[in-house]
Amino acid sequence: MTVPMQGPTAGRPPIEGLPREVRIHEVGARDGLQNEQATVPTEVKAEFVHRLAEAGLTTIEATSFVHPKWVPQLADAAELMPLLADLPGRYPGVRLPVLVPNERGLERALELGVREIAVFGSATESFARANLNRTVDESLAMFEPVVARAKAAGVRVRGYLSMCFGDPWEGPVPVAQVAGVARRLYEMGCDELSLGDTIGVATPGHVAALLAELTGTGTDGSGPAGGGTVPVERTAVHFHDTYGQALSNTLAALQRGVTVVDASAGGLGGCPYAKSATGNLATEDLVWMLHGLGIRTGVDLARLSATSVWMADRLGRPSPSRTVRALNRQEQQQ
Ligand code: HMG
Ligand code: MG
């Protein structure tokens with residue numbers, strides 16, 4: 001598969017205030033597959049992750065060590081991880097984070113040699129209850145020993161925060177409420193904080209306002225506005241594409257200094273405990289935009305797109321990614 005020319009790509013990014021490089025945090029194997037009706041065989045998941053690494057992705061979220069009854073699609077986490085054991089050797093620098101909600105999950109992950117975990121909190125009470133069977137305070141209390149034990153074991157910790165923009169039960173979520181929970185997660189010791197638009201309702205101005213509140217970067221991207229307590233270098237964004245806003249939101253975040261963006265190959269995804277959540281921003285759509293802006297990702301778009309076509313065949317339905325579809329159409333016409 002060949003990727004047609006995009007321009008202008010040489011030299012500096014053609015829009016002011018953009019980074020030269022973005023690290024993509026690939027969530028297809030976790031956020032994507034956790035929401036599939038069909039149970040994907042463990043070997044297929046392993047091949048998917050191998051193909052993602054082959055395509056140049058360096059941070060590939062592999063699975064979740066949650067209660068198997070809550071997310072049966074990922075109940076094979078303990079079988080999957082050994083099939084990925086050779087990956088860091090084959091692709092130096094590749095990281096395979098996994099989701100862990102509690103100490104039980106951490107113990108299961110550590111036994112398998114996991115070096116990076118993610119805890120996942122909620123900015124709203126309704127989603128904390130639906131997703132973790134806890135209040136916001138109770139879930140933060142559940143994470144505290146997980147983060148402390150992980151850090152003591154030299155394990156890197158990401159903190160997710162869901163429902164940062166809107167919540168299906170509570171409606172729009174005030175930025176001050178989100179920033180309050182985000183700070184608590186960050187101060188707990190998370191190395192990175194990923195701001196989740198779980199149901200995909202954010203728009204770029206809202207993204208700018210939240211980043212201004214949280215990180216202190218000005219809404220015009222001009223620099224510190226004061227008041228922020230989470231450094232922008234430690235902040236990632238996680239957009240679901242329900243209303244087609246994920247790329248615009250990403251651009252708004254990049255203009256405010258964010259350089260880590262979550263995405264899912266082929267646009268797989270959703271969340272089993274937020275019924276209105278649809279797929280994540282497709283990694284291919286993100287890469288198309290970033291490369292078009294002259295921003296490096298290290299990703300081979302043709303390889304990645306071929307992987308998503310392969311995965312779509314396994315799942316029995318086409319990828320929702322516009323870029324995957326366009327590249328695949330061209331491939332078939334050649
Ligand atoms: P609970 O029912 O309150 O659990 O669930 P519990 O602590 O009362 O324990 C009950 C039993 O479960 C015990 O067994 C535990 O050992 C066992 P028993 O003693 O009764 O035999 N148990 C476990 N077993 C295996 N692994 C574990 C585990 N924990 C407890 N880790 C719990 C609480 C947090 C476990 C549950 O609510 C859960 O697993 N939730 C996970 C939900 C989930 O994975 N959601 C999707 C990920 S979040 C997301 O997608 C959003 C994100 O993408 C960002 C965005 O888009 O916004 C990240
Ligand atoms: Mg998600």
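In which loop does N133 lie? In this predicted model, N133 is placed in the loop that runs between α6 and α7, the latter spanning residues 136-152. Its phi is positive, at about 60°, although N133 is not a glycine. Most residues other than glycine have a negative phi. With a relative accessibility of 40%, N133 falls in the partly exposed class, because that class covers values between 20% and 50%. The side chain of N133 also takes part in ligand binding geometry: one of its polar atoms lies 2.9 Å from an oxygen atom of ligand 1.

Two further polar approaches to ligand 1 were computed. A nitrogen atom of ligand 1 has a polar side-chain atom of R108 at 2.9 Å. For H67, a polar backbone atom is 3.0 Å from an oxygen atom of ligand 1. On its own, ligand 1 has 1100 Å² of accessible area, and 75% of this is covered by the protein.

The shell around ligand 1 consists of 28 residues, the closest being H67, N102, N131, S162 and T198. By residue class, the shell contains 12 nonpolar, 11 polar and 5 charged members. Four secondary-structure elements each contribute at least two shell residues: the helices α1 (28-32), α5 (103-111) and α6 (125-132), together with the strand β6 (156-162). The largest share, 3 residues, is supplied by α5.

A second positive phi in a residue other than glycine occurs at M163, where the value is near 55°. M163 is located in the loop between β6 and β7, with β7 comprising residues 166-167. The relative accessible area of M163 is 0%, so this residue is classed as buried, the limit being under 20%. M163 is thus buried, whereas N133 is partly exposed.

The interior was examined next. The largest nonpolar core comprises 98 residues, and those with the most contacts inside it are F48, L84, V98, I117 and M311. For V98, once residues up to four places away in sequence are set aside, the contacts are A62, T63, F65, M81, A109, V114, E116, I117 and A118. One of these partners, I117, is itself listed with V98 among the core residues that have the most contacts.

Two residues in helices were also considered. N249 belongs to helix α10, which covers residues 246-255. Its relative accessibility is 1%, and N249 therefore counts as buried. Leaving out residues up to four places away in sequence, N249 touches D197, A202, T203, P204, V207 and F239.

E54 is situated in helix α2, which comprises residues 42-54. Why is E54 classed as partly exposed? The relative accessible area of E54 is 36%, and the partly exposed class applies because this value lies between the 20% and 50% limits. Beyond residues up to four places away in sequence, E54 is in contact with Y91 and R303. The side chains of E54 and Y91 are joined by a polar contact of 2.5 Å. The separation of E54 from R134 is 80 residues in sequence and 39 Å in space, taken from C-alpha to C-alpha.

Technical notes. Residues numbered from 1 in each chain as written. Chains lettered and ligands numbered in written order. Predicted model: local features only at pLDDT ≥ 70, side-chain atom pairs only at ≥ 80, totals over all residues. Heavy atoms only, no water. Near = heavy atom within 4 Å. Polar contact = N/O pair within 3.5 Å; in protein donor to acceptor, adjacent residues only side chain to side chain. Areas by Shrake-Rupley, 256 points an atom, 1.4 Å probe, with all protein chains shown as cover. Nonpolar A, V, L, I, M, F, W, Y, C, P; charged D, E, K, R; others polar. Core = buried A, V, L, I, M, F, W, Y, C linked by side-chain atoms within 4.5 Å. Buried < 20%, exposed > 50% of the residue type's maximum accessible area, 1.4 Å probe, protein only. Contact = heavy atoms within 4.5 Å.
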